[in-house]
Amino acid sequence: MISQKYKLLFILFFFFITQAEAQSKKKKINIDSLYNELKTEPNSTKKVDDLIYLYKKSTRTKKIRTDLLDEALEIAKEIFYIKGIGLCYDRKGITARYEQDYTNSVIYHKRALSFFEQTNDTFQKAKCLTSLAVTYRKLNLEKEAFDNYYKALKLAELIDDKKGITISLNGMGNVFLNMEQYDEALLYLKKALALEIESENPRGQEYSSANVGEAYLFKKQYDSAYYYFDKSLKISLNNPRKESTAIKYNLFGLLYQKTGDYTKSLNFYQKAIPDFKKYKNTRYLSNTLINIGINQLELKQYKKAKNNIELGLEKAKQVKSKENTILAYKALTDYYKLTKDYKNALITQQYATAYHDSIISLAAQKIITSTQVAYETYKKDQVIQDLARSKELSDEKAKSNYWRFIFSILVSVIIIVGLLFLIVLFRKNSDLEIEQKNTELQNYLLYIDELEEKSANHTKLAKQDISHKFDEYELSKRQIEVLKHISNGLNNTEIAEEMFVSNNTIKTHISNIYSKLDVKNRVQAIKKITSNHTTIF
């Protein structure tokens with residue numbers, strides 16, 4: 001009886017395995033056959049779109065055909081299909097994020113955005129901004145994440161894209177959750193949930209309900225948190241999708257951990273592990289293992305706790321999760337305290353602090369590196385964009401350069417003419433100044449000559465007139481000599497010394513001069529002799 005049961009189970013198992021392999025092979029053959037058909041077609045925008053479609057189809061299989069996306073990108077560049085280039089880079093960014101390669105994810109999304117901005121496709125631009133924001137959140141760069149979610153929200157509202165609006169609102173709410181601003185988080189998350197209910201979108205309601213419940217959990221309003229978690233879990237169970245149910249188990253585990261029911265919390269966390277492993281969600285798996293360890297510490301299962309925390313820490317470092325890494329180090333600190341290993345407790349506490357600072361610096365450095373790489377690649381991509389508009393741009397540039405050249409020549413000519421004019425004016429002004437100086441000098445010389453001639457004439461005339469006066473008043477030679485000295489301003493003593501006689505003799509001569517001229521003093525004497533003449537002797 002038992003052997004028959006085992007045989008039946010074996011047959012069923014073999015049947016399911018062969019069916020799965022056949023289905024997988026069918027998908028592979030389907031993709032390969034479609035690709036072979038595409039290879040014979042000429043390069044066109046449709047061919048690029050079809051290659052991207054095949055690539056997206058391959059992501060749902062075990063073997064992702066990255067060669068399809070690379071070929072689509074090359075063709076899009078070759079034919080200057082700007083939107084196609086953006087779609088390829090955006091898809092590369094999403095794939096990189098799934099592989100926890102967040103640095104390259106940022107680079108690819110930024111490159112995609114630079115191409116979408118050259119198109120009128122607002123929808124794709126908004127989607128790209130949202131994807132970029134998600135990657136920034138994975139890097140714990142909340143400001144950058146919020147900025148991009150906000151830009152995406154504005155674009156989604158512009159084209160009335162309900163799905164885009166709710167995704168952006170949820171993203172902004174999650175940013176506030178990470179920043180521990182729970183009231184602000186609820187504002188955005190409840191708006192998103194209301195829109196999902198209005199749109200009758202079960203998947204959207206599942207995601208938004210979980211987010212609202214998480215906000216209430218951190219506000220320590222556990223009944224409200226339970227209500228939204230339960231609502232989200234029921235939708236997930238009715239519409240299974242990858243690890244969505246496991247995420248809800250993880251949230252219930254955290255809820256019961258916060259309320260102190262560690263056994264129930266442990267059970268929910270353990271239920272989540274298989275799906276996280278199956279879908280390779282390392283970030284959630286890391287968080288789950290660490291929280292299992294925390295529950296085991298509370299239940300005094302120290303050895304199991306340490307193993308799970310260390311395993312969770314290892315996986316947290318793999319995906320560079322700041323929150324999970326710090327959570328693990330804090331849990332290890334509690335473990336060493338409980339086991340009275342205070343030396344290691346101090347070390348892990350220091351690691352928690354140091355790693356907190358280093359992971360932030362590392363993330364910042366990654367963004368700097370990403371920016372540098374993005375700048376270099378942008379320059380290459382710009383060539384493609386320029387070629388797509390080459391004729392128009394080259395014509396505009398040539399025209400602009402022509403007029404710029406003409407303008408430069410005109411300005412140069414004006415400057416040269418101006419300088420020459422200034423030089424001529426300067427030289428002319430200098431010549432005029434020199435000529436004026438020469439004229440003044442000539443006039444001055446002529447004036448001197450006139451003065452000299454006048455002086456000679458006056459002297460001659462004066463001598464004639466004075467001689468006549470001397471004869472008229474019958475002055476002797478000695479009296480005339482004394483009178484000359486008087487006219488030169490000499491006093492009696494000085495006159496006596498000049499004539500080598502005594503003062504009394506001079507006084508006698510002066511008295512006789514006064515008498516002959518009929519004057520009373522020297523001034524009258526001189527005036528009488530020199531009247532009507534400018535020069536005396």
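Let's start at a ring with a charge above it: the charged end of lysine 242 sits over the ring of tyrosine 98, 6.0 Å from its centre. Keep in mind that this is a predicted model. Beyond tyrosine 98, there are 17 aromatic pairs in the structure, and a few of them are worth a walk-through below.

**Charges over tyrosine 98**
- Along with lysine 242, arginine 97 lies over the face of tyrosine 98, 5.7 Å from the ring centre.

**The pair between helices α11 and α12**
- A pair of aromatic rings is described by how far apart the centres are and by the angle of the planes.
- For tyrosine 226 and phenylalanine 252, the centres are 5.5 Å apart and the planes stand at 75°, so this pair is edge-to-face.
- The two rings link distant parts of the chain, 26 residues apart: tyrosine 226 belongs to helix α11 (residues 222–238) and phenylalanine 252 to helix α12 (residues 244–258).
- Tyrosine 226 is partly exposed because its relative accessibility is 38%, whereas phenylalanine 252, at 3%, is buried.

**A stacked pair within helix α12**
- Phenylalanine 252 also pairs with tyrosine 256, and here the rings are stacked, with 6.4 Å from centre to centre and 25° between the planes.
- These two residues are four apart in helix α12, so about one helical turn separates phenylalanine 252 from tyrosine 256.
- Tyrosine 256 has a relative accessible area of 14%, which means that it counts as buried.

**The wider cluster**
- Ring pairs join Tyr226, Phe252 and Tyr256 with Phe229, Tyr249 and Phe268 in a cluster.

How values were computed
Residues numbered from 1 in each chain as written. Predicted model: local features only at pLDDT ≥ 70, side-chain atom pairs only at ≥ 80, totals over all residues. Heavy atoms only, no water. Phe/Tyr/Trp six-rings, centres within 6.5 Å; stacked < 30°, edge-to-face > 60°. Buried < 20%, exposed > 50% of the residue type's maximum accessible area, 1.4 Å probe, protein only. Lys NZ or Arg CZ within 6 Å of the ring centre and 35° of its normal.
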